[in-house]
Amino acid sequence: MLTLIRNIKRLYGVDESHRSFRAGKEMAEFPFIDNAWLLIRDQRIVDYGRMPEDDGQHSAYDSDRIIDASGKMVLPAFVDSHSHLVFAASREEEFVMKIQGKSYEEIAAAGGGILNSATHLQKMSEKELYKLALERLQEVIAQGTGAIEIKSGYGLTVEDELKMLRVIKRLKNIAPIPIKATFLGAHTFPTEYKNDREGYIRLILEEMLPKIEEEELADFIDVFCEQGFFTPAETERIVEAGKKHGLIPKIHGNQLSVSGGVQVAVQTGALSVDHLEHMGEAEIEALRNSGTMPVGLPNCSFYLRMPYTPGRQIIDSGLPLALATDYNPGSAPSGKMSFVYSLACIQMRLLPEEAINAMTINGAYAMGLHEELGSITKGKFANLIITKEIPSLAWIPYAFGSEWIDKVMIKGH
Ligand code: NIG
Ligand code: FE
């Protein structure tokens with residue numbers, strides 16, 4: 001099946017350099033071709049060019065389907081490298097508590113937070129969980145997400161962590177978009193292990209990890225490295241054990257404090273370290289030449305009214321930055337990447353080009369998919385957004401309430 005998209009006002013994100021990500025000043029470049037065409041064979045991009053010069057050539061292609069994109073732009077679809085999209089129930093009671101002045105930590109200490117989500121999830125069947133997660137997945141795909149990472153971490157028992165991961169595996173098998181699964185058993189200590197941290201860590205190491213490997217349920221391992229949650233030493237122990245079971249680390253670090261999460265991520269060779277609302281010079285230095293992608297989650301900062309990841313400083317230091325939604329019921333109840341886009345520009349002072357690189361090629365790196373997705377590159381999956389007739393790239397984050405997507409194409413469909 002050959003699909004030709006013609007008369008594209010501007011084809012964005014064109015890159016044949018096969019880079020793994022963009023860092024520092026390169027993040028301000030989001031190369032484009034004006035008045036372009038793009039050819040897709042089955043699931044992948046095969047060729048593209050400029051309309052007038054190559055007119056004869058592209059009309060020679062015997063396309064099965066032609067899409068006219070006059071006045072419209074084409075972009076690589078978003079890559080959401082951090083989500084908790086499998087959950088049982090929303091938590092708007094906590095939202096109201098927050099309006100009344102309670103902090104995230106106070107809500108968690110009162111039995112809310114992650115433990116609240118775990119109580120609901122433990123009671124729900126795999127089938128029902130799957131149904132809810134699938135609806136959310138379909139919603140975010142329609143909003144332009146072309147690949148997503150999904151974490152466990154609301155089970156917190158052997159059976160319920162496996163249940164969550166089996167739901168993610170089922171989603172992987174049927175979803176049109178690539179999905180990566182992350183085991184986050186170390187999200188918090190369950191109430192019954194509050195005074196037996198060693199007991200819960202051993203449950204993760206001795207019971208959860210072997211079963212996850214046996215059933216091939218996860219790609220990555222994550223730990224919430226934070227004061228009141230898992231210490232850097234516990235984080236290291238858990239991710240090192242995960243590595244022995246074939247999992248690659250991705251760590252929640254420095255959300256509520258300078259937690260040591262960045263250093264432990266770099267030391268353990270993590271693919272990414274996510275949140276980073278609290279960063280010092282030492283953290284920036286630790287990330288330099290590390291291979292660990294810093295990931296900001298601005299929907300979470302917005303929702304919790306907390307500091308934003310210092311994305312401007314991270315990029316100005318020459319580092320790469322990725323951005324993701326953190327879609328979850330407690331700290332970021334939205335999987336909408338275009339809202340991330342607006343917050344990145346408005347609150348983090350990223351240029352529109354920097355922010356979209358952070359949500360495409362750099363997000364793809366943060367989930368190990370940069371060879372398949374994240375740019376308009378020959379051979380990559382044709383996971384694309386065709387915009388409505390909008391004036392410019394900057395208009396997308398600027399007009400933060402407007403609908404700007406005309407069509408989402410996933411693997412050529
Ligand atoms: O990434 N920080 C840890 N975990 C989630 C929030 C979990 C929750 O409140 O349910 C996050 O923000
Ligand atoms: Fe998270």
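**Exercise 1.** Is histidine 82 buried or exposed?

Solution. The model is predicted. Step one: the relative accessible area of histidine 82 is 0%. Step two: buried means under 20%. Histidine 82 is therefore buried.

**Exercise 2.** Find the protein donors of the iron ion (ligand 2) and place two of them in the chain.

Solution. Step one: the donors are His82 (NE2), His84 (NE2), His252 (NE2) and Asp326 (OD), at 2.1 to 2.2 Å from the iron ion. Step two: along the chain their spacing reads H-x1-H-x167-H-x73-D. Step three: histidine 82 sits in the loop between β6 (78-80) and α2 (92-99), while histidine 252 belongs to strand β10 (residues 248-253). These two lie 170 residues apart, so the pair links distant parts of the chain. Step four: histidine 252 has a relative accessible area of 3% and is therefore buried.

**Exercise 3.** Describe how helices α5 and α6 pack.

Solution. Step one: the axes of α5 (residues 126-142) and α6 (residues 158-174) are 10 Å apart, at an angle of about 50°. Step two: the two helices are therefore oblique to each other. Step three: the crossing of α5 past α6 is right-handed. Step four: the contact includes Leu129, Tyr130 and Leu137 of α5 and Val167, Arg170 and Ile174 of α6. Its residues divide into eight nonpolar, five charged and no polar.

**Exercise 4.** Locate glutamate 192 and classify its exposure.

Solution. Step one: glutamate 192 lies in the loop between β8 (179-186) and α7 (197-214). Step two: its relative accessibility is 59%, so glutamate 192 counts as exposed. Step three: 23 Å separates its C-alpha atom from that of isoleucine 212, which is 20 residues away along the chain.

Technical notes:
Residues numbered from 1 in each chain as written. Chains lettered and ligands numbered in written order. Predicted model: local features only at pLDDT ≥ 70, side-chain atom pairs only at ≥ 80, totals over all residues. Heavy atoms only, no water. Helix = DSSP H or I, 4+ residues; strand = E, 2+ residues; numbered from the N terminus. Buried < 20%, exposed > 50% of the residue type's maximum accessible area, 1.4 Å probe, protein only. Axes fitted to C-alpha atoms, helices over the stretch in contact; angles between N-to-C directions. Parallel < 35°, antiparallel > 145°, perpendicular 65-115°, else oblique. Left-handed = near helix turned anticlockwise from the far one by under 90°. Contact = heavy atoms within 4.5 Å. Nonpolar A, V, L, I, M, F, W, Y, C, P; charged D, E, K, R; others polar. Donors = N, O, S within 2.8 Å, 3.2 Å for Na, K, Ca; no water.
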